[in-house]
Each structure stands twice: as C-alpha cells, then as structure tokens.
Amino acid sequence: MMKVGFKIIAIIAFLSAATIPVLASQLLILEQDGCPWCDRWNDDIGVFYHKTSEGKRAPLRRIDIHNKIPDDLRELKLGRYTPTFVLMDEGKEVGRIRGYPGEDFFWGLLGQLMKKLPDETSSAGG
C-alpha cells in the first residue's frame, strides 16, 4: 500500500511540474523617471516588444532603479545608467546592454545576448 501511494504522489508531482509553465528568461529594463533615453526606447520598441519573438522568449520586466528591488533579483547589480537592459535566464544574468544606442543597434546587441540562452527545446523538457 505504501509503494502505491508513493507512486501516485510521484506521478502527480511529475504531471504538475510538466504542466506548470516556468518563466525561464526575461529581459529587465532598469529605468528611472525623467530618463529621455528610456522614453525613446519605450517609443521606438517598448510599445511592441511583447509581440516580437524576443519578447515572447524573454518577456519585459520593468525595474525602477530608485524602488526596492524585488526579492528574486537581490543579486542584481543595478548601476547608475538608464536604461540598462539585463537578459536573465532562470534567475541568472546572461548579459547587459547599457544605454539605448538606437533601434538598429539595440536589436543587434539583443540578438547576440539571446544566442547565449539555452535552446528552447532543452529548457522546455523536450
């Protein structure tokens, strides 16, 4: 009886883990009020970033550098420059883009960082 109960619990745990999506990657934007380059990025890219393949792979998360840092980002070094974009994967920093060098440069730099992420099929369990 004990072995059957353990197997059922193990199966339920496996199915639960397999069906709960895990946000492995995210793109942080470290910003502050009054930052003209943050505003420019928001106008150029921020309004549609969530619709791009990059935005779907690494959803945007906004962090105001003057507010309390969320507990899950305790280890993050903020710096003074805004905007700073930090690509995270499973809670670890993959890389940064400091400043906003314009739309064309931003996409190229972000593309280089995205190449450092693990293959989506391996992180999705398949």
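Here is a walk through the fold, from the overall layout down to a few individual residues. Keep in mind that this is a predicted model.

Let's start with the big picture. The protein has five helices and four strands, and if you trace them from the N terminus the order is α-β-α-α-β-β-β-α-α. There are 126 residues in the protein, and 34% of them are buried. What about the outside? The accessible surface comes to about 8,700 Å², with 59% of that belonging to carbon and sulfur atoms. The chain also brings distant parts of the sequence into contact: take the contacts with a separation of 6 or more, and 61% of them are between residues 24 or more positions apart.

Now for the inside. In soluble globular proteins, nonpolar side chains tend to be buried together. Here, the largest nonpolar core has 15 residues, and those touching the most other members are Leu27, Trp41, Tyr49, Phe85, Leu87, Phe106 and Leu110. Which elements give two or more residues to this core? They are β1 (25-31), α2 (36-46), β3 (84-89) and α4 (103-114). The largest share, four residues, comes from α4. If you'd like a residue to click on, try Leu110: leaving out residues up to four places away in sequence, it touches Leu27, Tyr49, Glu54 and Ile97. There is also a second, separate core of nine residues, and among its members are Ile63, Leu73, Leu76 and Leu78.

Two of the helices just mentioned are worth looking at as a pair. Two packed helices are described by the angle between their axes and the distance between the axes. For α2 and α4, the axes come within 11 Å and cross at roughly 75°. Angles of 65 to 115 degrees count as roughly perpendicular, so that is how α2 and α4 sit relative to each other. On the α2 side the contact is made by Trp41, Asp44 and Ile45, and on the α4 side by Glu103, Phe106 and Trp107. Trp41 and Phe106 are names you have already met in the largest core.

Next, follow strand β1, beginning with Ser25. Is this serine buried or exposed? Its relative accessible area is 3%, so Ser25 is buried. What does its side chain pair with? The side chain of Asp89 makes a polar contact with the side chain of Ser25, at 2.7 Å. Setting aside residues up to four places away in sequence, Ser25 touches Arg57, Ala58, Pro59, Met88, Asp89 and Leu117.

Glu31 is in β1 as well. With a relative accessibility of 13%, Glu31 falls under the 20% cut-off and therefore counts as buried. The side chains of Glu31 and Arg62 are joined by a polar contact of 3.0 Å. Not counting neighbours within four places in sequence, Glu31 is in contact with Cys38, Asn42, Arg62, Ile63, Asp64, Ile65 and Thr82. One of these, Ile63, belongs to the second core.

Past the strand, look at Asp33, in the loop between β1 and α2. Here the relative accessibility is 73%, over the 50% cut-off, so Asp33 counts as exposed. Where does Asp33 sit relative to Ile65? In sequence the two are 32 residues apart, while in space they are 9.4 Å apart, C-alpha to C-alpha. Ile65 should sound familiar, as it is one of the residues in contact with Glu31.

Definitions and conventions. Residues are numbered from 1 along each chain as its sequence is written. This is a predicted model: local features need pLDDT of at least 70, side-chain atom pairs count only at pLDDT 80 or more; totals for chains, interfaces and linings use all residues. Side-chain values use heavy atoms; hydrogens and water are left out. A nonpolar core is a set of buried Ala, Val, Leu, Ile, Met, Phe, Trp, Tyr and Cys residues joined through side-chain atoms within 4.5 Å. Buried means under 20% relative accessible area, exposed over 50%, partly exposed in between (1.4 Å probe, protein chains only). Contact means heavy atoms within 4.5 Å. Accessible areas come from the Shrake-Rupley method with a 1.4 Å probe; for residues, only the protein chains shown count as cover. A polar contact is a pair of N or O atoms within 3.5 Å; within protein, one must be able to donate a hydrogen and the other to accept it, and residues adjacent in sequence count only if both atoms are side-chain atoms. Axes are lines fitted to C-alpha atoms, for helices over the stretch in contact, and angles run from 0 to 180 degrees between N-to-C directions. Angles under 35 degrees count as roughly parallel, over 145 as roughly antiparallel, 65 to 115 as roughly perpendicular and the rest as oblique.
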